[in-house]
Structure formats: C-alpha cells, structure tokens
Amino acid sequence: MSAQGRTDPIIVGFTEVDALVRGPDAQQRLLLLVDSGARFTVLPDEVWRRIGLIPGRTMTFQLADSTHIERAMSECFIELGEHRGHTPVVLGAPSDVALLGVITLEQLGLILNPFSRTLQPARLLLAPVA
C-alpha cells in the first residue's frame, strides 16, 4: 500500500520463448509464454489444427480464479533451441493463450530461472547434497 492507502500496481515479468511444434501434418514456430504455474503446455486452436494433432482424452482443469474448464489432450514434438522431445499438450480453444508448462520443461531438462527470467538446464541430483 502507498502512504495514502492506495494499492500500488504489481509489476509482473513475463518470459516468452520461441518454439517449434511439430505434428503429423506440419510444423509451426510460435512464441510460448512460460507459465511456472501451468502443468501442461497449451497450443492455441489454430496451431494444433494446422499441425494435425488429433484430440485424445478430455481433462478438466482448474484455473487460477477457481473456474473449471475441459480441454482435449494430445502429444506433439517440440523444440526449444537445442532441447527437443515429445510432450503432452492441451488442445486450446480459440481464445486460449500459448503456454509452456512445467511438464514440458522437465521433459526437456529445463527450469525457469525466476531472477533472470530465462530457461536454463536443470541440475539433476542423484543423491542429497550434505
């Protein structure tokens, strides 16, 4: 709060990464917003349809405002620079934003550094450090 009782604006930093997603019919480059609170990567409607993904099982998701939505799932190949592999994806509705979720980050061996707002290789610990 400011001295006069007003709430000061909260400054929020966003991290976007350039990605290449590939399906059975095509591939496409797009910017994904890195969302450390999202489990799954979300592809917008026009993207997943263009690359030829086929809807699979439907899952229910709870959003930050506690509302629930249902979306179909699929899988695609994704490249973030030299990091690449297959990942499950949420097939977004026309109004959904392209998000990069933590499952994809983990599968590619990456983490989000919240201070520099960059993706970095994850350090894998095989045993606890004393």
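**Exercises on a predicted model**

Ser66 is partly exposed, at a relative accessible area of 44%. The structure is a predicted model.

**Exercise 1.** Decide why Ser66 counts as partly exposed, then place the residue and describe its phi.

*Solution.*
- Step 1: Buried means under 20% relative accessible area and exposed means over 50%.
- Step 2: Ser66 has 44%, so Ser66 is partly exposed.
- Step 3: Ser66 sits in the loop between strand E4 (58-62) and E5.
- Step 4: Its phi is positive, about 75°, yet Ser66 is not a glycine.

**Exercise 2.** Work through Arg117 in the same order.

*Solution.*
- Step 1: The relative accessibility of Arg117 is 44%, so Arg117 counts as partly exposed.
- Step 2: Look along the chain. Arg117 belongs to the loop between strand E8 (110-113) and strand E9 (118-121).
- Step 3: Check the backbone. Arg117 is a residue other than glycine, and its phi is positive, near 55°.

**Exercise 3.** Find which elements give two or more residues to the largest nonpolar core.

*Solution.*
- Step 1: Start with the core itself. The largest nonpolar core has 22 residues. Those with the most contacts inside it include Val21, Leu43, Leu53 and Ile78.
- Step 2: List the elements. They are strands E1 (16-22), E2 (27-34), E5 (68-80) and E6 (83-91), plus helix H1 (45-50).
- Step 3: Pick out the main contributor. E5 gives the largest share, four residues.
- Step 4: Look elsewhere. Another core, of nine residues, lies apart and includes Leu33, Phe40, Val90 and Ile103.

**Exercise 4.** Name some residues that Leu53 touches, leaving out those up to four places away in sequence.

*Solution.* Among them are Pro24, Leu43, Trp48, Cys76 and Val89.

Methods
Residues numbered from 1 in each chain as written. Predicted model: local features only at pLDDT ≥ 70, side-chain atom pairs only at ≥ 80, totals over all residues. Heavy atoms only, no water. Core = buried A, V, L, I, M, F, W, Y, C linked by side-chain atoms within 4.5 Å. Buried < 20%, exposed > 50% of the residue type's maximum accessible area, 1.4 Å probe, protein only. Contact = heavy atoms within 4.5 Å.
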